Structures are given as structure tokens and as C-alpha cells.
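Please open the structure in your viewer and keep the sequence beside it, since this tour moves from one selection to the next. At each stop there is something to select and a short account of what is there.

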Amino acid sequence: MASIALDRIAKVFTRPDGSPTRVLDELTLQVAAGEFLTLLGPSGCGKSTLIRIIAGLEPQSAGSVSIGGQCVDGRHPRQRDVAMVFQSYALYPHMTVEANLALPLVMRRLTALQRAPWIGRWMPGYRRVRETIDRDVREVAGALELTHLLERKPGQLSGGQRQRVALARAMVRQPSVFLMDEPLSNLDAKLRTQMRAEITALHRRLRTTFVYVTHDQTEAMTMSDRVAVMFDGRIEQIGPPTELYARPATRRVAEFIGTPQINSIDGIVRSASTIEVAGAVLPIGTCLPTGSVVTVGLRPESLTPVERAGATVLLGRVQRIEHMGADSYVYFHVLGQARALVLRTSAARAAGLQPEMVFHVATSLDQVLLFDSQGRAIDSVVPQIASVRSFR
Amino acid sequence: MTTDAQATSMEHASQSSHGWLLAGPAAFALLALIILPALSVFFVALTDWQFGARTFSYVGLENYHELFADPDFYKSLRNTFVYVLIVVPGTVLTGLAIALLVESDRTLRTFYRAAHFLPFMATLAAMAVAWEALLHPTIGLLNQALSDLGLPTANWLRDPSTVLVTLAVIAIWKNLGFAMVLFMAGLKAIPRDLYDAADVDGAVGATDRLRTVTLPMLGPTMLFVVIVTALRALETFDTVNILTQGGPARASEMLLYTLYVESFGYLQAGRGAAITVVFLIIVVLLTLLQMRVMDRRVHYS
């Protein structure tokens, strides 16, 4: 267990034509010892490069990396006491599961002579060390329910089993930091849910520092203590999952997190305490001058179909309805918006709606998010009465 | 009912005639160019036919009896095997070493690749002349260099103890580039992640990395290179014919050259055909053996 500190990390790649590409831009980040931190972002945002820099697989162009309070710049991955799980699992296909799990220990505990082919086993001390290795391998295999697979080769395993072997290989050495680069992306949806739970349980048991890279917001939201959302080589926002969802710092974060995606529509500040959105006037106060254009973010679950009309109620025309079982997604058009909005409501409430039907949509005002023209979140003031009403 | 059945059978007939029509050209070429000549070799081996003669008679296994009673044939067989046993490991090891060296550094990679591949592209008959000049006992560059360094010289192509090794070295020189190019392609196909995993797992030294990742992952390429090099070495003919004519004292006579001399020198077509059959059996056996032995130790991921 060790903390990680990244200080103004930059990474510049040179394109084949000679022009430089900045992948990471002065990125600073602290990971507490024992924390589960997720780097979340779209592909190409630099999250994989960052984790490879932490592992030592790639040198940073500038800045410094400390693990456990010690600067590890220029140190080989082997000397950083980190373990990594790769998206492709990177198991050695010619070795049995047992040999795969033993390899990190063999490389560390046996001397070069003891590792030598044929003669190694006759070197003094070989058997004693080998016994400790076998014991540790069996222990970790037992913990991840791999004991019955030890004799198999990776080619004979299912995706989920390979994933577990990769985890076990990372665990066997008891490293102080676990790095995981999209470890679940090659699994099917059901297995992914199951492995999510297993990795969370593993973290709770080991209490080791985990740095987890993913583009999947569900993984980030369900597993992490904190999530760092990355765009274009920078961290846009970092915080606990609930905070990222409830109080996104920017419009990009708001749009990246949450399914279905948040509805972003243009609104105009009408007075110090009202904003006009798609024909409705919402009693939301801002500090922006009257006439300013703002982006109003409405989470799909903060919108509800209602019976009666009113000044604070949007008028929508149903485009289509997706029934998800307990919930339904209703896609609908509102005045002046080309793109359909979406709301999420219970199946019972959506039952009366049909395509092309005109209906009323109420918004929970305390969940409304406002962003200025640069996409930064701005504070809003919601009247008490409205927020009380919106508690459902 | 009957009309239905008739229609179906007619359809079948037309389908199968279409099939034959489509497969016809290829089947004919296969028959005319490979199967019939091969069968005729098996047949000729059972006769005493002399090349160009109008008559021949059936002699059964007489050609084979003579062949296996002939010490010169055994010598040729032994030479061939020794030669293959030098050429295959020599080509594979140097080819792999050069591929690893070239891949380890980006600079001049294409140049090295082209330079090493050149001998493979060149006609060996022309190259053999260059080798002959190089290996000339008195004015050859090799011996001059050796004597300048105070090292013992040799009459490389005229000495029974060196001739076979010299021919093997020329074959290695020629096949090296081929093996190297294949190994380079194989190296490129190894997933980067495996090397990263080896880094994190602590397999850092060159030998550890070779043993953990590179060599096992090159297994399929290795199998292919070994088989192809062995087959090419087995059918060596041009260097023997141009440089040594099997001499001195049959020290460099190999199977294909013996076959050539018997068939077209002494015009003993029946005997030549028998050697061809033996050669064919060796090639097939070797291929099967290599496939079986190495398939078990090779890991196609």
C-alpha cells in the first residue's frame, strides 16, 4: 500500500511527420494510499498513457512521479513495486496458469543461475525458494478460485477465467500499487458486472492502492472511491462518483457521466430569478445579466410527465418510447430544439404516452444544472418552495 | 412424384457437371504436371530403362537392391544429412540473431533487411563464381586474409575435410536473409503487451525476455523456417554442380547431384528414378516428423 503523487506530468509524442502531439498537459494528481482511483475519459484522452507512465512503461516528457513518497522517475517498472493488468490480459500463451502466476515470483526470488534452463534446479537453495513460490501461487489461486485451472494454458480458458488469472498474476507478488488498464473491456456484459463486484471485493480485502483506467462510466461510478474525468490530456474534474454526477464542474463532465446522456438545451436569463427554456419559464436565479445565454442541463430522471400545464412546465411531443422493464425512456421534442430530449420515468407513468402525443413535462428544479457559454458550471438559486415540491 | 424425382436428379446431374467443368482445368493441370510425372517416376524406377533407349524391361526392385548395396550412394546420403544438419541450425540461429539485432534499432533497418536479403534473391550460379574467386587456394581473398593474419589456410573446395562445410556456409549465407525476413515478420507480430507484462513482472534481462516472450511466441515462425530451410538444403544442387562436381573423391556429393549424374551422366534413368523415390520418401518423412515433433511444442495463440 502506497500513495502516488503525479506532479505536472507532460507527455509529448512526435508524429511521423515530425510535428509534436501533446498527450498529457501539466497533469497533477494525488492518489491516497489504499484508495481506488479511476481515470475515466473517452478514448484518446491520455488516460492509458498516464497509467503507463505510472507503471514506468513509458517515460514522461516532463514532471515527476512518486510512489510511496519516493520519486521513481527513470526507474524500471520492476523497481517500482507495481503490478499491472492489461486489457488483453497479456498472459504468456505458452505457459500453464501455474507458470504464469509463478513468473513474477520466479523473476524476483530466484537468482539468474537458479533460473537457468536445465541446470537451475541443481543450484543451491533452488528447492527452498521454489517451495515458497509454489505456496504463494497456490494461495493466490485459491483466493481467486483458479486451483482447478492451474494445469491449463491460457488458450484453454474462457475470457472471465483469463481475466482472473491476470488479476492473480498481479496479486501474487503483493505489490504496493495495482494498475489496471481497461481490464474488463474484453468481457461480455454479464461477466463484466460480475468481475466489477469481484475487483471491488478484492480492493476491500487487499486495501492496496488501485489505479483503474476505463472509458466505461458505469465501471468508474460503481467501483471507485474517487474518479478523475480526463479530456484532452487534462483532468477536468476529480471527486467521488456521486459528486461528479450531482455537481459536474463542466458541461463535458455532465454529458460524459450518466445514461441516458444529460439533456443540454439553450436557455436565456430573463431576470435575476428566472430562466426561459423551450417556452417555459423556470424560477431559477443566477448571477448572470439578463439576456445571457446559458446551457441548461436536465438529467433524464429529473423530468417527469405530469397532468397539468403551468408556467414552469415544458410542453413536449413524444417521438418514441423505449421500455427498459421497470423504467421507460421517453424521447420527446420541445419547442425550438432540433434534438430530442429524453426523460426517464417509471413504466407506470409512461404507460399513457404514445408517439406523437403532446404532453407536459415537469422538472425538479434543484437538479437543474447551469453552464455558461464556455461550458463551466455556474451557481443557481432555486426557490425553496420549488425544491420542496420536487422531493418525491 | 416421378417428375419431381426426375427434376431433382437432372438438377443433380447438371450441378455435378458444372462442378467438373469448374474444377476441370485445375484438375487437368494437377494430373498432367504433378501426378502423372510422379507416377511415371515410380514406374521407371521398376525398369532398366536407359535414357533415350527405345526399349526397356521390367526389373522389379533390382534398382533399389543395387542402390542399397552401393557404398557411394550411402556416402551421398550421409553427406546430404551432414550438410542439412549444419545448414538448418546455422541458418536459423544467425537469421534469428540478425533479425533481433536489426529489430532492436530503428536506424538503417530497411538497408540491413535489403542487404541481408540480397543473396537470397541473387542467382546462386552467378554468386558461386564469386565464391569460387573468394575461396581460391592461392589468390582467393579468404586465404590471403588468413595468411596475412598468420592463420593456417586451406584449399576449401578441394579438400575432402572442408568441402562439405564450405558448401554449407555458402548455403547459410544464401538462406540467411530469407530466415531473417521471416523472423522479423514474426517479431513484429508479438503483442507489445506481452513485453510490457514481462517488464512489470520483472523479466528484464535479454535472456529472460527471450525465454519468456520472444522465443515461445516465435514458435510458429521457427517451425516454418526450419522446415523450409531443411527442404531447401536437402535439394541442394547448383553449388555442388558448379563448384565441386561432387568432388574431391565424392566428399561433397549429395543426393540430388547423384541423381543428376546417374540419370543424365550415365543415362541410368531407372536407377535415377529409384534415387528420386528415396529422396521423395526422405522429404515426406522429414516434413511429417518435424510437424509432429514441433507441433506439440509450438503455441499458436
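The tour starts with chain A as a whole and then turns to single places in both chains.

Keep in mind from the start that this is a predicted model.

**Chain A as a whole**

Begin by selecting chain A, whose C-alpha atoms fill a box of roughly 85 × 45 × 45 Å along the principal axes. Its secondary structure comes to eleven helices and 21 strands, and of its 392 residues 52% count as buried. Next, colour residues 4-246 as domain 1 and residues 261-390 as domain 2, following the domain assignment of chain A. The centres of domain 1 of chain A and domain 2 of chain A, taken over C-alpha atoms, are separated by 42 Å.

**Between the domain bounds**

Now select A:T259 and A:P260, where the peptide bond from the one to the other is cis, with omega near -10 degrees. A:P260 belongs to the loop that runs between α9 (251-256) and β11 (263-271) of chain A. As background for this stop and the next, most residues other than glycine have a negative phi, and most peptide bonds are trans.

**Two residues with positive phi**

Move to A:R8, which is not a glycine and yet has a positive phi of about 45 degrees. A:R8 lies in strand β1 (residues 4-14) of chain A, and with a relative accessible area of 46% A:R8 is partly exposed. Then select A:Q174, another residue other than glycine with a positive phi, here near 50 degrees. A:Q174 is found in the loop between α5 and β7 (177-181) of chain A, and A:Q174 counts as exposed because its relative accessibility is 65%, above the cut-off of 50%.

**A cavity lined by both chains**

How many cavities of 30 Å³ or more does a search of the whole structure find? The search finds one, and about 40 Å³ of space lies in the largest cavity. To see its lining, select A:A83, A:M84, A:P104, A:R169, A:A170 and A:R173 together with B:V200 and B:D201. At least two residues of this lining come from each of β6 (82-85) and α5 (159-171) of chain A and α8 (192-201) of chain B. Sorted by class, the lining of the largest cavity has five nonpolar and three charged residues, and no polar ones.

**A pocket in chain A**

Select A:A246, A:R247, A:D366, A:V368 and A:L369, which lie nearest the centre of the second largest pocket among the 19 residues that line it. The elements giving two or more residues to this lining are α8 (241-246), β20 (369-371) and β21 (377-378) of chain A, and β20(A) gives the most, with three residues. The volume of the second largest pocket is about 420 Å³, and its lining has twelve nonpolar, two polar and five charged residues.

**Rings and charges in chain A**

Show the side chains of A:F36, A:F178, A:F210 and A:Y212, which ring pairs link into a cluster. Afterwards, select A:R299 and A:Y245, where the charged end of A:R299 sits over the ring of A:Y245, 4.0 Å from its centre. A further place to look at is A:R320, which lies over the face of A:Y331 at 3.9 Å from the ring centre.

**Ring pairs in chain B**

Over all chains, the structure holds 16 aromatic pairs. One of them is formed by B:F73 and B:Y74, an edge-to-face pair with 6.0 Å from centre to centre and 65 degrees between the planes. Which of the two rings belongs to a buried residue, and which to a partly exposed one? B:F73 counts as buried because its relative accessibility is 1%, whereas B:Y74, at 41%, counts as partly exposed. Another pair to select is B:F117 and B:F120, which is tilted, with 5.5 Å from centre to centre and 45 degrees between the planes. Both residues lie in helix α4 (residues 109-121) of chain B, three residues apart, or about one turn of the helix, and B:F117 is partly exposed at 21% relative accessibility.

**Last stop: a contact far apart in sequence**

Finally, select B:N63, which is found in helix α2 (residues 62-68) of chain B and counts as buried at 8% relative accessibility. Add B:R271 to the selection: B:N63 and B:R271 are 208 residues apart in sequence, while their C-alpha atoms are 5.4 Å apart in space.

How values were computed
Residues numbered from 1 in each chain as written. Chains lettered and ligands numbered in written order. Predicted model: local features only at pLDDT ≥ 70, side-chain atom pairs only at ≥ 80, totals over all residues. Heavy atoms only, no water. Domains from an automatic or database assignment. 1 Å grid on protein atoms, 1.4 Å probe; cavity = no way out; pocket = protein on both sides within 12 Å on 5 of 7 lines; lining within 4 Å. Points joined across faces, edges and corners; volume = space filled by probe spheres on them. Helix = DSSP H or I, 4+ residues; strand = E, 2+ residues; numbered from the N terminus. Nonpolar A, V, L, I, M, F, W, Y, C, P; charged D, E, K, R; others polar. Phe/Tyr/Trp six-rings, centres within 6.5 Å; stacked < 30°, edge-to-face > 60°. Buried < 20%, exposed > 50% of the residue type's maximum accessible area, 1.4 Å probe, protein only. Lys NZ or Arg CZ within 6 Å of the ring centre and 35° of its normal.
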